[in-house]
Amino acid sequence: MALKSGSTSDPVVSNSLISMYAKLALVGAARQVFDEMPERDTITWNSIINCYVQNGNLAKAIDVLKQMHFNGFTLKPELIASIVSVCARTRKYRQGRQIHGLVVVDDKINEESVFLSTALLDLYMWCNQTLTAFYVFYNMQVKNEVSWTAMISGCIANQCYGMAMNCFREMQVQGLKPNRVTVLAILPACAELGDIGHGKEIHAYTYRHRFESDPHCSASLIHMYCKRGNEMRPAELIFEKVSLKDVVMWSSMVGSYSQCGNSVKALQLFSRMRAGGIDPNSVTLLAIISTCTSLSSLQIGCGVHSYVLKSGLNSNIFIGNALINMYAKCGCLTDSHKIFKEMPSIDSVSWSTMVESFGRHGRGNEALKLFLEMQDSGIEPDAVSFLSVLSACNHAGLVEEGKKIFKHMVEDSKVTLSLEHYACYINLLGKFGELEDACEIVRSMPMKPSSRIWSSLVTACKVHGSLGTAESLAHHLVRKELQNAANYTLLCMVYAEAGNWSGVEEVRRLVRVHRLRKCYGFSRIS
């Protein structure tokens, strides 16, 4: 009708048509209307640029923005801000930087616009240019709640949690009240820093301003308390108070109980979740599989596995890895290997878990074979993979193979040796009588040996008859950790092996004087 009546020559009608086509995602039709217009005003240019932005064509939007500028039109800060925001979301730092340069050069553009400055701040934060973001922020003439919230969110995105807390405090000093979005932004910083005191203050603030009724706010508060582990009671109170609990809240609570070792509570909550008609997602199932692993509960684990198969989540690589670990630790190595072979895709974690599982069950040769298969498949072993195969050699007594692997690790610059690698290798050497080599490794270590390494050496020396060395090392261990009853027990055993019964009595007397108590181990039959 517009074409028949000739109304397309009217800029108002054409601008409306461009906006309509933009909303319908008909970018080609919008561009055709734009190209056929005899006269274009500022609204026309803004409409076609917004059309490209809305439909995800950033490059075209920037090209048209340049054309608009070259044709003498003044660019509105709000328009530039919308394009810069897209650059931030898509991590297009170079394009965003070019637009910022245009803003600085062109005196006609209002550089002091709070919308534009906030968009630029967001760009630099999301592109990991923290110092530039701070420069933009501190040169802003006007800072509102949105600017401060963007700064706080950016700091958290760059893991500058302390800086985020400082910004939150400074915002209030400047007389600005944090809104709901600001509270949602700062709570993860409290969780990561373990700043439960400040977190409780923010919780009180949310309560006073009625933000707590917001499900997102409640979920963030639950996450903050759960992150601490020992602050589950406040999390429980918030959780029970929420009328509509989504799967994220349930998963957060179940996962937290699992992590802090309260397996029974985790399983009870999982049962409540299922009874309430909430379908668990992959995060919930990972937490419950971890709980079954820690309890060595094969019966519940099999039930969870059945649900995984019914829900079609068996293709999830993280769940597959967790199931491999669970079955192996529950003694079902065959089932563990079967899951490994049936997984549609496997990563280095899958290989490492399976290698570790073979090693734990004393099948070191199969663990080594699998490790070689992993390398042949093109997956580069990482520090965890090497620790798994070294542990397998330790369990199976494969000393020479362990030596070759450790030598390869030392020569491979891609793998950084940790204290765990050294502890495992020293334990392997000591366990099978290579005491001189074990001591040489301890002397050449780039880091300070842990108590676990020293106690491993003491035990090895005692077993292989080097009682003088064992006694010397045990004394060193006692001096290092005076309040550790296990060290006194170790020294007592060395004295007993050497027939030094007066030494045994003296050690027992010291234990009584220091009022030390041994930690007892317990077995459970399910």
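This report looks at a surface patch, one helix and one threonine in a predicted model.

## About the model

Local features need pLDDT of at least 70, side-chain atom pairs count only at pLDDT 80 or more, and totals for chains, interfaces and linings use all residues. Residues are numbered from 1 along each chain as its sequence is written, and side-chain values use heavy atoms, with hydrogens and water left out.

## Helix H18

Let's start with H18, which covers residues 282-295 (helices are DSSP runs of H or I, at least four residues, numbered from the N terminus). Its 14 residues should span 20 Å at 1.5 Å a residue, and the end C-alpha atoms are 20 Å apart, which agrees; the expected span is 1.5 Å times one less than the number of residues.

At the N-terminal end, Asn281 acts as a cap, with a side-chain oxygen 3.1 Å from the backbone nitrogen of Val283. Just after the helix, Ser296 has a positive phi of about 55°. The buried residues of H18 (under 20% relative accessible area, 1.4 Å probe, protein chains only; exposed is over 50%, partly exposed in between) include Leu285, Ile288 and Cys292. The buried residues of H18 pack against helices H16 (247-259), H17 (263-275), H19 (298-311) and H20 (317-329).

## Thr118 in H8

Thr118 sits in helix H8, residues 114-126. Thr118 counts as buried because its relative accessibility is 10%. Leaving aside residues up to four places away in sequence, Thr118 touches Met140, Val146, Ser147 and Ala150 (contact means heavy atoms within 4.5 Å).

## Met20 in H2

Met20 belongs to helix H2, residues 11-23. With 36% relative accessibility, Met20 counts as partly exposed.

Note on methods: Helix = DSSP H or I, 4+ residues; strand = E, 2+ residues; numbered from the N terminus. Polar contact = N/O pair within 3.5 Å; in protein donor to acceptor, adjacent residues only side chain to side chain.
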